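Visitor: Could you take me on a close look at a single part of this structure? I am a first-year student, so please go step by step.

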Amino acid sequence: MGSFIQVPPQDMISLGNALNGIRDMLEAQKNDGRVVHGLDDRHGEYHVQVAEEGFVDAWKTSIDMLIEAIGGTGDLAKAIGVGAAEIDGKVAEAGNNAANQLSSFNFHV
């Protein structure tokens with residue numbers, strides 16, 4: 001049997017917004033790194049440059065995947081929160097309408 005939790009819709013929306021904020025921050029800062037050349041007299045500039053380019057390529061791929069995953073999770077969390085809030089609102093409205101109709105019914109007929 002699975003485990004279930006209840007999360008208020010507004011908390012899901014807030015979580016989605018927070019994750020999207022993290023995504024935006026990572027996106028804005030992903031190109032802030034600096035490539036360093038000329039610091040290895042022992043092994044030679046070429047070897048440092050090749051190693052550095054390999055690292056940068058792998059890092060960019062990883063950070064892009066992370067940004068996509070965080071953003072997707074944020075969008076999903078927000079959509080769940082918005083959808084749940086809409087459903088809650090419609091159920092509450094229908095319950096209020098039913099209660100109003102029942103309270104106006106004349107039971108003394």
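**A close look at K30**

Guide: Let's begin with the company that K30 keeps: setting aside neighbours within four places in sequence, K30 is in contact with W59, I63, D64 and I67. Please keep in mind that this is a predicted model.

Where does K30 sit? Its place is in the loop between α1, which covers 9-29, and α2. Is K30 buried or exposed? K30 counts as buried because its relative accessibility is 17%, and the cut-off for buried is under 20%.

Now follow the side chain of K30. It makes a polar contact with the side chain of E27, at 3.4 Å. A second polar contact joins the side chain of K30 to the side chain of D64, at 2.6 Å. D64 also appeared among the contacts of K30, so it deserves a further look: with a relative accessible area of 35%, D64 is partly exposed. D64 and K30 form a salt bridge, and their closest N and O atoms are 2.6 Å apart. This pair links distant parts of the chain, since D64 is in helix α2 while K30 is in the loop between α1 and α2, 34 residues apart.

Another partner of K30 leads us inward. I67, one of the residues in contact with K30, has its own set of contacts: leaving aside neighbours within four places in sequence, these are R23, L26, E27 and K30. Notice that E27 is in this set and also meets the side chain of K30 in a polar contact.

I67 belongs to the largest nonpolar core, which has 5 residues in all: L19, L26, I63, I67 and I70. Two elements, α1 and α2, each give two or more residues to this core. The largest share, 3 residues, comes from α2. Here is some background: in soluble globular proteins, nonpolar side chains tend to be buried together. In this model, K30 is in contact with two members of the core, I63 and I67.

R23, which we met as a contact of I67, opens up one more part of the picture. The side chains of D24 and R23 meet in a salt bridge, at 3.1 Å from N to O. R23 counts as partly exposed, at 22% relative accessibility, and D24 is partly exposed too, with a relative accessible area of 43%. The side chain of R23 also meets that of D75 in a salt bridge, at 3.7 Å from N to O. D75 lies in helix α2 and R23 in helix α1, so this pair ties together parts that are 52 residues apart in sequence. As for its surroundings, D75 counts as partly exposed, at 42% relative accessibility.

How many salt bridges does the structure hold? There are 4; among them is the pair of D64 and K30 that we saw earlier. Salt bridges that share partners join R23, D24 and D75 into one network.

To finish, go back to the starting point. K30 sits in the loop between α1 and α2, is buried at 17% relative accessible area, and forms a salt bridge with D64. Its contacts also include I67, a member of the largest nonpolar core.

How values were computed: Residues numbered from 1 in each chain as written. Predicted model: local features only at pLDDT ≥ 70, side-chain atom pairs only at ≥ 80, totals over all residues. Heavy atoms only, no water. Helix = DSSP H or I, 4+ residues; strand = E, 2+ residues; numbered from the N terminus. Buried < 20%, exposed > 50% of the residue type's maximum accessible area, 1.4 Å probe, protein only. Polar contact = N/O pair within 3.5 Å; in protein donor to acceptor, adjacent residues only side chain to side chain. Contact = heavy atoms within 4.5 Å. Core = buried A, V, L, I, M, F, W, Y, C linked by side-chain atoms within 4.5 Å.
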